[in-house]
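Biologist: Please take a close look at chain A for me, beginning with the predictor's confidence and then going through the chain piece by piece. I would like one connected account, with the partner chain brought in where it is needed.

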Amino acid sequence: MDASRRDPSQFHILTSIDSLPQGEAPAERELTLLERVGQGDRAAVSQLLDAYGPLVWSIARKQIGAEAAEDAVQEVFIEIWKHAKRYDSQLASEATYIATIARRRVIDHRRKLGRRPEVEEVPEETPDTDESLESLELMDEARIANEAIAQLRPEQRKVLKLAIVDGLTHTEIAESTKLPLGTVKSHARRGLERVRTLLQERRQAGEAGV
Amino acid sequence: MTGHDELSHVEQLLLDRALGSLPSIEQEELGTLGHAAGSVPDEYEFAAAAAHLALDQSLDLDVPASLPATLRSRLEDAATEVLDSKPN
């Protein structure tokens, strides 16, 4: 694999001082891939597909199958191309932002298809795995989410995994685990609430310079 | 219903939507409350995505190294179409 694909931060570029409005103090700021796409940068499109295409493909294929996943992935990226300017790096990393859009679209597709997701592993079409995902996860909100998930009880963690990774609804999880529906809802909500709270705390601490 | 109860109810709907387990009727309710899908994602959706990435890693799930070539080609064509239609 091309080493340049392993760290999306390598794709950030510095804004040109010449492009700053007159009178504004020169300040160097990195442009994210999404910001570059928002400015019509064609090279950023290709780099963004390299960096996040496999992630989106993986999320979609696992939950709705390869055939439906192709359309879902296309919808995800069209949304990204169209609304790249809306991305706010203060709210989420690119990986989390793109995964959020992917999850939303895939959930919509799943709802339309009325299909229960496949919980079993999906065979890989390509033999290599993307090592960049690990670095993506470790460098942003996923690492914090991991801390929050580690604090959950095993059954809460299992319910959260079935809901988030496997895409099962509360009802489907209750059927699958034989847990009461109320317990499933409680585990899933508390687990996600825990992740959100920890992310919020870290962001506020970051903003306060702690 | 107090303001706090209402907030809790909305938060529960947002949580369930982020978890992908919100029935259509409640999806509509969330829309009427001003939390329609398609707007900027809320914090629960970001949290769900972050948790998804974290769980993928902890489960050591394989992620393909690249997109299928035909799909990638479709995506590049779509990007060209979108960027060409945008005034820059």
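**Chain A in detail**

Modeller: In this predicted model, residues 1–26 of chain A keep a pLDDT under 50 throughout, and the model gives that stretch 31 contacts beyond four places in sequence. A second stretch, residues 120–135 of chain A, also has a pLDDT below 50, with 28 contacts in the model beyond near neighbours in sequence. Taken as a whole, chain A has an average pLDDT of 78, and 74% of its residues score at least 70. For the complex, the predictor reports an ipTM of 0.81 and a pTM of 0.78.

With those limits stated, the general layout can be described. Chain A contains eight helices and two strands, and, read from the N terminus, its elements follow the order β-β-α-α-α-α-α-α-α-α. Of the 210 residues in chain A, 44% are buried. Among the contacts in chain A with a separation of 6 or more, 64% join residues 24 or more positions apart.

The domain assignment divides chain A into domain 1, residues 1–131, and domain 2, residues 140–210. Where these two meet, nine residues of domain 1 of chain A are in contact with six residues of domain 2 of chain A. On the domain 1 side, H3(A) gives the most, with three residues, and by class that side is made up of four nonpolar, three polar and two charged residues.

Helix H2 of chain A deserves a longer look. H2(A) has 42 residues, yet its end C-alpha atoms are only 15 Å apart, whereas a straight helix at 1.5 Å a residue would reach 62 Å. H2(A) also has a kink of about 125°, centred on Gly65(A). One residue of helix H2 of chain A is Arg42(A), which counts as partly exposed because it has 13 C-beta neighbours inside 10 Å, a count that falls between the 12 or fewer of an exposed residue and the 20 or more of a buried one. Computed along the sequence in residues, Arg42(A) and Lys112(A) are 70 apart, and their C-alpha atoms are separated by 33 Å in space.

A further pair leads to the loops among the later helices. Gly167(A) and Lys62(A) are 105 residues apart along the chain, but their C-alpha atoms are separated by 8.8 Å. Gly167(A) sits in the loop between H6 and helix H7 (170–177) of chain A, and Gly167(A) is buried because 25 other C-beta atoms lie within 10 Å. The loop between H7 and H8 of chain A holds Lys178(A), whose 6 C-beta neighbours inside 10 Å are why Lys178(A) counts as exposed. The backbone of Lys178(A) has a phi near 65°, a positive value in a residue other than glycine.

Helix H5 of chain A, residues 141–150, can be read in terms of burial. Seven of its 10 residues are buried, so H5(A) is largely enclosed by the rest of the structure. The buried residues in H5(A) are Glu141(A), Ala142(A), Ile144(A), Ala145(A), Asn146(A), Ala148(A) and Ile149(A).

The partner chain now comes in. In the model, 60 residues of chain A are in contact with 44 residues of chain B. On the chain A side, at least two residues are supplied by each of helix H2 (42–83), helix H3 (94–113), helix H4 (132–139), H5, helix H6 (154–164) and helix H8 (181–207). H2(A) gives the most to this side, with 16 residues. By class, the side of chain A that touches chain B divides into 29 nonpolar, 14 polar and 17 charged residues.

For chain B itself, the secondary structure comes to four helices and zero strands, and 34% of its 88 residues count as buried. Its average pLDDT is 80, with 75% of the residues scoring at least 70. Among the elements of chain B, helix H1 (residues 3–18) has the lowest mean pLDDT, 74, and helix H4 (residues 69–85) the highest, 92. Over residues 1–5 of chain B the pLDDT is below 50, and this stretch has one contact in the model beyond near neighbours in sequence.

Note on methods: Residues numbered from 1 in each chain as written. Chains lettered and ligands numbered in written order. Predicted model: local features only at pLDDT ≥ 70, side-chain atom pairs only at ≥ 80, totals over all residues. Contact = placed C-beta atoms within 7 Å. Nonpolar A, V, L, I, M, F, W, Y, C, P; charged D, E, K, R; others polar. Expected span 1.5 Å × (residues − 1). Bend = angle between axes of the 7 residues up to and from the residue. pLDDT = per-residue confidence, 0-100. Domains from an automatic or database assignment.
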